[in-house]
Every structure is written in C-alpha cells, then in structure tokens.
Amino acid sequence: MNSCTEGIWRETLQRTRQTLKLDDGLVNLGRPGHTAEGSLAAEAHEGRATAAYYAVATALGELPKAEGLAILQAIAELQIKDDESEFRGGFRWYREETRVNDSNAAFFILMPLVTLSLHLEDRIPTAHLPLLNRMLDGGADWFAHELREPILYYPNKIMSDGALLLGISRLRGLRDHYEAGVRFYTKWADYTARRGWGWGENASLTYIQIMLNALQIACRSLEEKDAALRARLQDVMKELLAYVRFHDGYEWVPSIRSYNFEGQVHPWSFLWSLAGVQREEWAAEKTLGDLWSVGSYLLFEKELAAVQDSEPIAQPVPRSRTERIMDDSAATTWVGRTGRIGSVNRFPVIAGSYQWPTWGLAWQSYPVSLAVDGEQVAFLRWHVHDGDKVRLHPAAYKNAYLSPALFRESWYPDTQLRAAQKQHMLLAVRSMSEVHNQAGEIADEWVVHRWQGELTVAMDGGGRTWTVLQYPQAAVCIAPLQGIRCGELERKAQQLEPVQDGDVLRLRQVLYAGKVQTIHQPRLEAGWAILYLDEAGDLARVREELKSYRLQESSYIDGEVPRTSYTEIRRTVLYHQERKQVELTIDPHRMEAP
C-alpha cells in the first residue's frame, strides 16, 4: 500500500468512525435495508459495510485483533452453510434476513476481503485466517455454482462472481475452481466481443467501477499460462476507461443504471481519478466515497500513480461518440461547449429487462437526457398514477427499489423507446403496446430540476411551434411529435403542457387523464424532437436559428403485412437548412427488443 492509498483509507476510516455503530460485530446502518426483508428492520445490520470496515481497519492496523475476529464471526454468520440449500456458500445481506434476498451479497461482502488477502495478506492476524479461509472456500463454491450457467447479460454481477472465484482459487489453491473461472472469463470475453454488454452496464458510471474492480482482480489472479486471456481483459479495461474519459467529469447522457435522480451535472466517482479527470469541487469536498468503494484505490495503485505523473488529455469540443451496448443498440453522446445531449437508440436494449414486480432497469435508467453546464441534467420520464401512488421511470431509489414497475399489476405493456441522433439533434418515440392496466393518469414528460431559466415558444421553418428553455449560455428546444392518446387509434398532433412544481419543470404529453380504471389500449405513443443550441444565450438568436430547422412526419402502410392505423410505419425527418439531418423510422410490428 502506497502513501496515497493509505492517506485516503485513513481519512475515509476516520470520517466513517464518526458515525459508525457496531452491534454484535455488524455495522448498524441506522436505517432500513434495501431488500424485502431488510426494509422491514428499523435499523438493518449489513454485511457489505462490515466487511469493508474490517478490511480497511485491518490493513491500517486500526482494529484490535479480538474485535476483528468478532467482526469476522458476525460476517460468517451471514453465510449459508446448509449443504441442501441452493444458496450454499452465498450470503444474506443483512442479519435481519432469514434467507438470501439479494444474491449479489456474496460478492459485495467478499470483495473487500479478497482484495485485502490478495494485496496485504501479511496484515491479517494469523488467528483470523482459519475463519476467513472457511468463508472464502464456501464463497468459491457459491461462485462456481453461479458460473455453471452464467447470466452473461448481467455484467457487474457475473464478472464479480468470476473474478472472486479466480481470486479465491489463487489464494486457496483451488485448482478446479480456478479452471472454472478461466472458462467463464473466456466465455464472457467471447460474448462481449460478439454481442456486447447485456442489458447495458457499460453505459453506467456506477457499475463500471464494479466491473473494473472485477477485471483487475481477475487479471491479478490469472496465471502466466492464461496470459492471452489476461491481455483480452486488459484491452476491455482500456476501452471502458476511454469511455469514462470521454465524459470528462459529467453525468453520462444517456445513462443506464444511474441513481442521479436529482440531475447533478458532476457526480463524483473514483473512475474520474483513474481516467485522469479532476474537478476543483471534488477536491474541495473531499469526495472519496465509502469504505467499500475506496478499495479501488488499492486495486489500481499503479495505474493511479501513472495517471498522476502524466499530462491531462485534452479532448476536442464539440465531439461525439457512439458506444455499442448490445447487438445493434448503442449510446450516442454529443458534447458541446456549454452542455451535452445523448440517447440510446433503443431501450430496453435486451428483451425482458424493462420491468418486473421486483426488479427491472427502467426505473434507474435515463435513455434520453442532456446536461447544461452549471445547471442540471434533464431527462425523459414516464409518469403513471395508478390510483394509489405515482410511479415513475426513472424514479428515486428509495421510492422504487422494492416496487419498480410502472403499473401495480404483475403484467405490463411492452414499453419501448426508439431514438435517432446526430450531434445536437435528437428524435425519440416512446410507446406502450397492449396496455391492460389500472391508471388515473399516464404521461410522458421532460423533467428539469432546479429550473431558473426563461420558458417561451418559437416557430421553426415549417411553422411548427417549439417550446424553448432559455439558459444564459444555451437553449434547449423541444417539440412534440405526433402521438397516440388513450381512446384514440390514429397518430395526431400533440401538445406540451408545462407544469412547475417548486423548482422542477415538467413538459408533459398526457396520454390519459381521468377516472381511475383499467385501461385497455392497443398502443400509446409520445414523440419528441429535441435540439441543444450551443452558445445560444440570446432569445432573438434562438428564434432566428430555429427557423432553419423543419420537421416532416408521415404515417403509412407498406402493403407487405396487415396493418391498422396504430401499426402503420411512422417516419420522422428533421431538416436543417433544408438538408436531412436525422431520420427515425419505426415499424410497430418490429418493436420488441431483439
């Protein structure tokens, strides 16, 4: 451990101890947990935070041996030891749980312990090793179980399982498990090269850190005979860091699996340091993360030292990048001088991942969003009132984790996004097919937190009205495309309804509003045209520039398959100076994710 890592760990440990509470060896969170059972506890006791505390405090010599052993014993009690259990070797996340609610608990709990063992094993008291090794052995059995039929589409989970299997196998000399880890990572590398990143965590600032941790542990644990596999994984790490660097300290637009519901423009992440990106406000706030996340500083000591000794990489402005996610799904981002705009061309990127009663990606994803420097990240959001509560996609973590679906029933409409983008110009259509759900309101809305600008309207060159969000240094222009409301079967012109809730502005396309009832509707659609006019801080200039744009929409049958009005092919073209810039063509018969 070098002096930089030690300093960060000591500072984080000192800050954590100011509020830390241990009860019988486990960290008391002082609040309910995140799982179904953990949420019922007024104060949940968590294995993840406890393992991180043990690892950091032990490495720094700040944990008495007897107390450390008691902590390890408390963690070990969370591990499933029943030979008949399908979860044998896995962990409960909380003491209050009676069963495994979240199977990711195993890698979250064991990653700090494996990291400590791989890098600083000599700092672990000898008396702790028998218990620690028993936990690692059981964990290896669990990870091997998970990798027999790996869910390759869930990258941060399955990569972590594979990395810890390799790491534990190296530490404990588990030959069969090591070879299973090699086979897994070979399969994963082939899958990722051939198809992509499953449901899209390579478009997540949050989960890329976990995946990089996993790749680093895997590379450290691979033997020389598997040097070719190590090189493949290192190439993947370089690609991920290049994408991190592209975003240069800003919230990613778009983003899959983000918890930045309040639209902060510059969320802190360890990855910025690893990619050589720094901002003054991060240093001033000493935003180092929690004890679990600072484990990355030990894993990447050499890489961080190399970055600190190198000159920052200047990136051109404006710039664009399209990042493959899965198959033909991709994230496109355009960066201007005063802001940035981005979109996923189809969401969800894989079938079956949008929403379920207890999980799904839609509540934590921002497939169409933009960021204005010094202001906020704004984004599209589905809004449903089911008669009892409002359900949102995306939604705040505390409101959606345990009940993330957009409707209360356990069956859902096929909810889809299709988008096309060129530089600062974006077209998007969002749809729901086969709606048979209870609602009092269904709306799609553009959400802007901390709105302090001027809201007005202007006409484009074709006579269409756009809503203009005027900022001091830029303008965002939004026009609704043709859509389908509840009770209608044909596409018609729509209106934006501005609503101001405190400092939150919502531009709404309301698709249903009325009596709470079970809606039966074959298809709903809301369409959006969005322009980010960089350095257009003057409304007169915005009005003049908007005249150079024009939208053209059509809806038609092709005669190749049967179609009714709501399954007609729709085509939208955005022209600038009478040159076609963006085209979005959608066939409702082909809307299902591949």
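In this predicted model, glutamate 37 is found in the loop that runs between strand 2 (26-28) and strand 3 (45-46). Glutamate 37 is buried yet takes part in no salt bridge. The nearest side chain of opposite charge belongs to arginine 99, 4.0 Å away.

The surroundings of glutamate 37 can be described further. Apart from neighbours within four places in sequence, glutamate 37 is in contact with Glu97, Thr98, Arg99 and Asn101. The distances given for its side chain are set out below.

| Partner of glutamate 37 | Distance |
|---|---|
| Side chain of threonine 98 (polar contact) | 2.7 Å |
| Backbone nitrogen of arginine 99 | 3.4 Å |
| Side chain of arginine 99 (nearest of opposite charge) | 4.0 Å |

Attention now turns to the nonpolar interior. In soluble globular proteins, nonpolar side chains tend to be buried together. The largest nonpolar core in this structure has 153 residues, and the members that touch the most others are Tyr185, Trp188, Leu212, Leu215, Trp446, Leu469 and Ile530. Helix 4 (residues 105-120) supplies the largest share of this core, with 12 residues. A second core, separate from that one, has 25 residues, among them Ala479, Leu533, Ala536 and Leu546.

The last topic is cysteine. A search of the whole structure finds zero disulfides. Cysteine 477 has a relative accessible area of 0% and is therefore buried. Cysteine 486, with a relative accessible area of 23%, is partly exposed, because buried means under 20% relative accessible area.

How values were computed
Residues are numbered from 1 along each chain as its sequence is written. This is a predicted model: local features need pLDDT of at least 70, side-chain atom pairs count only at pLDDT 80 or more; totals for chains, interfaces and linings use all residues. Side-chain values use heavy atoms; hydrogens and water are left out. Helices (H or I, at least four residues) and strands (E, at least two) are DSSP runs, numbered from the N terminus. Buried means under 20% relative accessible area, exposed over 50%, partly exposed in between (1.4 Å probe, protein chains only). Lys and Arg count as positive and Asp and Glu as negative; His and the chain ends are not counted. A polar contact is a pair of N or O atoms within 3.5 Å; within protein, one must be able to donate a hydrogen and the other to accept it, and residues adjacent in sequence count only if both atoms are side-chain atoms. Contact means heavy atoms within 4.5 Å. A nonpolar core is a set of buried Ala, Val, Leu, Ile, Met, Phe, Trp, Tyr and Cys residues joined through side-chain atoms within 4.5 Å. A disulfide is a pair of cysteine sulfur atoms within 2.5 Å.
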